[in-house]
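Let's take a look at some helices and how they sit in their surroundings. Have the chain open beside you as you read.

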Amino acid sequence: DPQQLELTTSDKRKLRRFIVIDEVVDELYGSKVREYFEENNVQHKVLALPTTEETKSMDLVLNILQEVQNFSIDRRTEPIIAIGGGVCLDIVGLAASLYRRRTPYIRVPTTLLSYVDASVGAKNGVNFLQCKNKLGGYTPPVASFLDRSFIQSIPRRHISNGLGEILKMALMKHKGLFDLLKSHGKYLLDTKFQSYSGSADHRDAALQTTRIAIETMLEELAPNLWEDDLDRLVDFGHLISPELEMRVLPSLMHGEAVNIDMAFMTYVAHARELITTEQKEQIIQCMRGLELPVWHGGCSWPLIKKALMERLKHSGGQPRMPLPTGLGVAEIFNDTSEETLERAYKLWVRD
């Protein structure tokens, strides 16, 4: 907004920013962040917090809001800045949406998963009563700033974790993205999604995969930002995984739990003859190539039944099950029988 820009630049008051940063990110980049604000003569408060699935609670939101109140911000012109992974972005988004009913906030994702997933869309939230993201809202950030150089400092397992969400978009909507992951998966893991000139064999695979993943995610989310339509392809991998992830915390990361769900649903799609045996094998091989788990002992048949019952509760009494109908194409189904699910489960466990 040119008017707001002029107002800000002509304002004689000192610029002020409140920053919430994940404590691990703070150890790595905190000094650079503080230096940046000091060099630009911005009065700032940096709050470093442990933002993990175990700490993702209303208590942490209230802790942030107490500090925001102490610092005192202008709710229209001084956005709260969140620097961290998806949990950090979710918590800060909820805190901002509650403070004075809606305070602007900016997302700066620092993990691959948050870069392609949490940076997009309007959702925020926290866990409640052992349920994933049970409390939350829809308040989009005023901006998301994407910088892949953050990703070079995260462990290999975290890169693989993010690849789970990228693979989700590939399987649902983009055969080209699936082919990229098949061909360049190991290279992306080895190079931690950094761009190198001279790697002709791989072109700029990191830029291509992240850009396509984000664009397909936006394509899917933008027309349905408030989830008025509950038929969502982006829910692939999110039918059983919330229950599994919370049950086995902290042994599975979000993208890993999503991938286990996707692996099972691939078997369901095969059992329904939506995909061929060869396509099923290609998908599972691609998952293995991305170093993602394709099964977990905690994913029992009773857990799957419970998770699908929960799904019915919050999706209007229909399972709304996204399933691949090929590579890079999918549809939503409401008519998968329990017998088909059980048959797919037995084959999955056997394999």
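Let's start with helix α3 (residues 58–71): at 1.5 Å a residue its 14 residues should span 20 Å, and its end C-alpha atoms are indeed 20 Å apart, which agrees. (That expected span is 1.5 Å times one less than the number of residues.) Helices here are DSSP runs of H or I with at least four residues, strands are E runs of at least two, and both are numbered from the N terminus.

This is a predicted model, where local features need pLDDT of at least 70, side-chain atom pairs count only at pLDDT 80 or more, and totals for chains, interfaces and linings use all residues. Residues are numbered from 1 along each chain as its sequence is written, and side-chain values use heavy atoms, leaving out hydrogens and water.

Which residues of α3 are buried? They are Leu60, Val61, Ile64, Leu65, Val68 and Phe71. Seen down the axis of α3, the buried residues fall within an arc of 140° (taken from the directions from the helix axis to the C-beta atoms), so they line one face of the helix. The face turned away from that buried side carries the exposed Asp59 and Asn70. Buried means under 20% relative accessible area, exposed over 50%, and partly exposed in between, using a 1.4 Å probe and protein chains only.

The buried residues of α3 pack against these elements (contact means heavy atoms within 4.5 Å):

| Partner of α3 | Residues |
|---|---|
| β1 | 16–22 |
| β2 | 43–49 |
| β3 | 80–84 |
| α4 | 86–98 |
| β5 | 123–128 |

Right after α3 comes Ser72, with a positive phi near 70°.
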